[in-house]
Amino acid sequence: MNTPPSPPGVERTDGSAVRIGALVPLTRPGWVEAGRHLLAGLELGVHEVNDTGGIAGRPLELVVRDTAADPRRAAAAVDEVAGLGVAALAGEYHSVVARAAAARADALGLPFLCSSAVLDALTEQPTQWVARLAPAQSHGWRIYADFLLGAGHSRIAVAAQPSVYWASGTRVLRDHLAPRGGTVIELDMGALSPTAVCDELVGHRATAVLLLVGHPEPAVPIVRAVRRDPRLAEVMIGAPAGQPEFAGWATSLGDDGAAIPFLRYLPERLGPLGTRVGTALRERLAEAPSFVAFEGYDTVAVLADVLRSHGVDRARIAESWPRVAVEGTRGRIRFSRTPDISVWQWAWAPVQVVDRDPAEPERFRILHTG
């Protein structure tokens with residue numbers, strides 16, 4: 001591995017803090033609610049590490065930077081925190097932003113543990129510097145496609161905005177569904193109004209429409225339009241990217257936001273660690289923690305274990321990815337090389353398809369597991 005020189009301060013052993021850079025979307029147009037949950041998990045993890053002696057007696061400290069869903073801002077933040085002497089980089093929710101951060105971390109020789117972004121091609125070329133906790137999009141979305149087929153849906157529309165992430169998701173769905181008799185109909189949300197989407201669904205005889213769009217706009221208006229169109233009473237709305245996971249979805253849509261299946265990365269039952277952490281996260285957030293909050297906590301659990309075992313040298317951290325074996329909130333975390341994935345990957349976090357129960361929208365129903 002070609003190892004750039006560590007900036008001054010990285011090897012400090014004087015009891016000063018071991019610093020981790022944390023990239024989080026905390027302002028619009030970033031998904032602020034997801035960012036808040038991710039940060040809560042990261043902060044809880046750091047708090048618990050420091051309560052149990054830190055890293056060889058040194059406190060662990062987050063250096064948090066808001067990406068606001070902007071790839072250029074994220075790349076600049078990577079440069080900044082690298083110059084501040086962080087031992088590693090963590091976080092990020094948005095896939096396109098994480099890709100920019102991963103490219104910059106790879107170029108700088110800065111270990112990056114990506115918490116929550118799923119885009120398969122997180123880097124253009126295979127890299128030793130980047131590892132990821134979230135399942136790759138191709139893995140999770142194939143499970144979602146199997147759920148659609150099992151529920152009897154073979155004519156599936158995707159209402160999609162222009163984005164590398166949405167285009168990748170559409171491709172995963174089409175490649176998985178076509179050999180199994182499914183058809184994917186693309187609806188360009190750069191050109192269609194919510195009312196026009198309804199007309200297209202009728203015209204194409206679609207039995208399901210998937211929201212590959214931002215929240216709240218245009219996801220909320222599309223849901224309202226479909227729910228109010230009597231021609232579409234039997235059409236299922238889906239949101240594989242997980243928009244209904246967060247409380248803001250239920251607040252925006254009320255009963256209309258229920259019965260919309262989405263992906264989340266939790267086991268059917270949390271073990272003792274997950275249960276304890278879930279309780280602490282609920283207290284910290286003042287609401288039920290999403291899977292993104294657990295991803296944040298697990299990120300720090302992995303990095304703390306690596307730092308305690310291998311020290312703060314960046315090259316040694318990156319070299320340790322294949323030797324990680326950490327009990328996380330959602331299972332035992334190990335990284336491996338996975339076909340067509342360019343980074344060290346946990347294969348895999350548990351995957352569920354769930355929705356909000358129409359009878360009790362605060363309650364989630366597990367519809368399918370993979």
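This is a short tour of a predicted model, stop by stop, with something to select at each one.

**Stop 1: helices H1 and H9**

Start by selecting residues 32-51, which form helix H1, and residues 272-285, which form helix H9. The two axes come within 10 Å and cross at roughly 120°. H1 and H9 are therefore oblique to each other, and their crossing is right-handed.

Now show the side chains where they touch. On the H1 side, pick Arg36, His37, Ala40, Gly41, Glu43, Leu44, His47 and Glu48; on the H9 side, pick Arg276, Val277, Ala280, Leu281, Arg284 and Leu285. Colour this H1–H9 contact by class and you get six nonpolar, three polar and five charged residues.

**Stop 2: from H9 to H10**

Keep H9 on screen and add helix H10, residues 291-310. How do the axes of H9 and H10 cross? They come within 10 Å and cross at roughly 110°, which makes H9 roughly perpendicular to H10. This crossing of H9 and H10 is right-handed. H9 brings Leu273, Gly274, Arg276, Val277, Gly278, Leu281 and Leu285 to the contact, while H10 brings Ala293, Phe294 and Tyr297. By class, that contact of H9 with H10 holds seven nonpolar, two polar and one charged residues.

**Stop 3: H7 and what covers it**

Next, select residues 219-228, helix H7. Which of its residues are buried? Ala219, Val220, Ile222, Val223, Ala225 and Val226 are. To see what covers them, switch on strand E6 (155-160), helix H6 (194-203), strand E8 (208-212), strand E9 (236-238) and helix H8 (247-253), which are among the covering elements.

Zoom in on H6 and H7. Their axes come within 8 Å and cross at roughly 50°, so H6 is oblique to H7. The crossing of H6 and H7 is right-handed. Pro194, Val197, Cys198 and Leu201 of H6 meet Pro221, Ile222, Ala225 and Val226 of H7. The class count for this contact of H6 with H7 is eight nonpolar, no polar and no charged residues.

**Stop 4: two cysteines**

While you have Cys198 selected, check its surroundings: Cys198 counts as buried because its relative accessibility is 2%. Then jump to Cys114, which is buried too, at 0%. How many disulfides does a search of the whole structure find? Zero.

**Stop 5: the loop after H8**

Follow the chain past H8 into the loop that leads to strand E10 (262-264), and click on Asp255. Is Asp255 buried or exposed? Asp255 is exposed, with a relative accessible area of 60%. Add Pro361 to the selection: Asp255 and Pro361 are 106 residues apart along the chain, yet their C-alpha atoms are separated by 6.8 Å.

Ala259 sits in the loop between H8 and E10. Ala259 counts as partly exposed because its relative accessibility is 27%.

**Stop 6: unusual backbone angles**

Most residues other than glycine have a negative phi, and most peptide bonds are trans. Here are some exceptions to find. Ala259 has a positive phi, near 55°. Glu92 has one as well, near 75°; look for Glu92 in the loop between strand E3 (88-91) and helix H3 (95-108). With 0% relative accessibility, Glu92 counts as buried.

For cis peptide bonds, select Arg28 and Pro29, where omega is near 10°. Pro29 is in the loop between strand E1 (18-24) and H1. Finish at Ala347 and Trp348, joined by a cis bond with omega near 0°. Trp348 lies in the loop between strand E14 (344-346) and strand E15 (352-357).

Terms used:
Residues are numbered from 1 along each chain as its sequence is written. This is a predicted model: local features need pLDDT of at least 70, side-chain atom pairs count only at pLDDT 80 or more; totals for chains, interfaces and linings use all residues. Side-chain values use heavy atoms; hydrogens and water are left out. Axes are lines fitted to C-alpha atoms, for helices over the stretch in contact, and angles run from 0 to 180 degrees between N-to-C directions. Helices (H or I, at least four residues) and strands (E, at least two) are DSSP runs, numbered from the N terminus. Angles under 35 degrees count as roughly parallel, over 145 as roughly antiparallel, 65 to 115 as roughly perpendicular and the rest as oblique. A crossing is left-handed if the near helix is turned anticlockwise from the far one by less than a right angle, and right-handed if clockwise. Contact means heavy atoms within 4.5 Å. Ala, Val, Leu, Ile, Met, Phe, Trp, Tyr, Cys and Pro count as nonpolar, Asp, Glu, Lys and Arg as charged, and the others, Gly among them, as polar. A disulfide is a pair of cysteine sulfur atoms within 2.5 Å. Buried means under 20% relative accessible area, exposed over 50%, partly exposed in between (1.4 Å probe, protein chains only).
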